[in-house]
Amino acid sequence: MQSTTLLLLAAEGVLPKLDGAVFADVGWEPMAVYEHLDRLEREVAEPAGIPIYRVSAGNIRADALDPTHRFASMPLFIKNPDGSEGMSRRQCTAEYKLKPIKAKVRDLLGYVHPKPVPRGLFAEQWIGISRDEFHRAKDSGIQYLRSSFPLLDLEGAADGGTGWTRDDCLRYLRARGWESTPKSACIGCPFHGNAQWRQLRDEHPDEWADAVAFDQAIRGGNARGNANGSRLRGQAYLHRSRLPLDQAPVDRVTPYEWASLQTDVFGQIADMESEHGDADGCSPWSCRSGSPVAEGAKA
Ligand code: SF4
């Protein structure tokens, strides 16, 4: 939602014109995200002369199930043989999102890896962080990529403050016919909260069936690990209950959902802790999907 807002603001001339926008495709986004991106490109980016670069490091779903492919692990919920619980490390965002974005930026700067980018040469990278999540505004830590967060400096917030909130973005998008902007995240991201799982099950049965099938397929860990002898000794699950997805208690409304509904009533932002369901999907530079390095799983 925040990234779409930035693109529209640049296209309208409220913000300076962008040289380009990069979408890192993990290959397993909901169809609504791809349709949204196509529409954005057609109706906003192209008329404004802003190219959208679609980059990819592969298909995260296919790679997890391919015994010949190195797999950057997803944050799976693990049930160990002794009954204890753990999580596998989250490496997927770095591999499937950051890596192809960095490669594209180097390409645009004219310094494809391994050519060193000269000191002092950098791309300014806008990241869609709204005021309610300002704590996620962090620099990339990469010399040739300087992050900026234009939403945090915008005037015109509904409460008179500086910086747009998620609600301000939503109002802006709604007024321009973009209220259907979907969350970007893998169909089977283990960081989904119950609300997201329910929505997938009830509104997108094909994608739900796809996630259920994937959940069953990764019960013993990723295929490469099994093929090279480093088998997971426990069992892996997509749902935090550590039950098969089609048996998981996704109908349970968590206290965090109730809390977010209540804050919505007062017109504030439901900045749900990602541990209980990310509010706006998987953002590559300022992840809304859980802590960067989760507790290591027993192998
Ligand atoms: S959406 Fe989830 S599974 Fe997909 S890259 Fe982000 S953290 Fe990993």
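This is a chat about the ligand site, cavities and largest pocket of a predicted model.

Student: What should I know before poking at it?
Tutor: The model is predicted, so local features need pLDDT of at least 70 and side-chain atom pairs count only at pLDDT 80 or more, while totals for chains, interfaces and linings use all residues. Residues are numbered from 1 along each chain as its sequence is written, and side-chain values use heavy atoms, with hydrogens and water left out.

Student: Cool. Which residues are around the ligand?
Tutor: Met74, Arg90, Cys92, Thr93, Ala185, Cys186, Cys189 and Cys282 (each has a heavy atom within 4 Å of it).

Student: And where does the ligand sit?
Tutor: In the largest cavity. On a 1 Å grid over the protein atoms alone, a cavity is a set of points where a 1.4 Å probe fits but cannot get out; a pocket is an open set with protein on both sides within 12 Å along at least five of seven lines; lining residues have an atom within 4 Å of a point. "Sits in" means more than half of the molecule's atoms lie within 2 Å of the grid points.

Student: How much space is in that cavity?
Tutor: About 110 Å³, counted as the space filled by probe spheres set on points joined across faces, edges and corners.

Student: What lines the largest cavity?
Tutor: 15 residues, with Ile60, Cys92, Thr93, Cys186 and Cys282 nearest its centre.

Student: Switching topic: how much space is in the largest pocket?
Tutor: About 1,300 Å³. Its lining has 42 residues, and Ser3, Ala21, Val22, Phe23 and Trp126 are the closest to its centre.
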